[in-house]
Amino acid sequence: MLLGSTPQETALPATLRLGEVLDFVGAHFADRASTAELADEFGLDQLLRRQTGSLSGGQKRRLSVALAFVGRPKLVLLDEPTTGLDVDARRTLWDALRSQHERGATIVVTSHYLEEIEALAQRVVVMGEGRVLADDSLAGVLDRVGLARARLESGQLDRVATLPGVDRVDPGSGTSASFFVRSSDEFVVSLVRSGIGFRGLSVRGATLEEAFLSRTGGARSAAGTRAAVRTTSSSTGEES
């Protein structure tokens, strides 16, 4: 089985053009993806004649990820693939990874960007302090946590926090806050019956980041948790 990979940092020959780098790596494989195909898929088609030394950090990152797919591998390991990319470039890369997956590649992504894992993964492994905290489908991880997020404004947020079923509170600004609850229906009923004044109530299911915080300890901030713990996801196209 052919293996492709992109580490966190990749050294590129500064004087070679982007297209030449793709051609050079592709020459090592009998069955390779064409330079034009990869350049188009990863949003590099306008950069083929640019020397890699003149590329921006995000452009170099997209090239590094594209190189992992030159040999049409069946298994690809990507470590923080979208580091340094802006929003548009990140979504271009996500689309490219989905296309590669649809063509049969198994892709394992390690990332601190939980939005990225939620957008791409079919299977998610959550790790914290060297331990596997969850290993399931994306839906399974979210269902296991079983939280809903209720956001509202009130002059009595401290009383809202004491209502039955409130798991944790994410303070907002001023009189607004988000409450993570086990049952949104029961929370709303308790809120109305309590006589607490409120407005602007909205309720939705927990995101992967919120589920992750619940599994690793909600007392830590989202930024601190991402920095300390890596979330691993795999988008699996076949048994391996």
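Val203 is partly exposed, with a relative accessible area of 39%, where partly exposed lies between buried (under 20% relative accessible area) and exposed (over 50%), for a 1.4 Å probe and protein chains only. This residue sits in strand S9, residues 199-205, strands being DSSP runs of E of at least two residues and helices runs of H or I of at least four, both numbered from the N terminus. The model is a predicted one, in which local features need pLDDT of at least 70 and side-chain atom pairs count only at pLDDT 80 or more, while totals for chains, interfaces and linings use all residues. Residues are numbered from 1 along each chain as its sequence is written, and side-chain values use heavy atoms, with hydrogens and water left out.

**Surface**
- Val203 joins Val192, Phe198 and Leu201 in a nonpolar surface patch of about 300 Å²; patch residues have over 30% relative accessible area and no salt bridge (a side-chain nitrogen of Lys or Arg within 4 Å of a carboxyl oxygen of Asp or Glu), and nonpolar side chains (Val, Leu, Ile, Met, Phe, Trp, Tyr) are joined within 5 Å, like charges within 9 Å.
- The accessible surface of the protein comes to about 12000 Å², of which 50% belongs to carbon and sulfur atoms, as computed by the Shrake-Rupley method with a 1.4 Å probe.

**Overall make-up**
- The protein has 10 helices and 10 strands, and buried residues account for 43% of its 240 residues.
- Of the contacts (heavy atoms within 4.5 Å) between residues at least 6 apart in sequence, 68% join residues at least 24 apart.

**Nonpolar cores**
- The largest nonpolar core, a set of buried Ala, Val, Leu, Ile, Met, Phe, Trp, Tyr and Cys residues joined through side-chain atoms within 4.5 Å, has 41 residues, and those with the most contacts inside it are Phe42, Leu44, Leu63, Phe69, Leu78 and Ile107.
- Helix H4 (residues 87-102) supplies the largest share of this core, 5 residues.
- A second, separate core of 13 residues includes Ala148, Val166, Ala177 and Ile196.

**Helices H1 and H3**
- In helix H1 (residues 18-26) the buried residues are Leu18, Gly19, Val21, Leu22 and Gly26; seen down the helix axis they fall within an arc of 160°, so they line one face of H1, the arc being that of the directions from the axis to the C-beta atoms.
- The cover over these buried residues includes helix H2 (35-41) and helix H3 (57-67).
- Ser64, placed in helix H3, is buried with a relative accessible area of 6%, and its contacts beyond neighbours within four places in sequence are Thr6, Thr10 and Leu12.
- Ser64 and Val21 are 43 residues apart in sequence and 10.0 Å apart in space, C-alpha to C-alpha.
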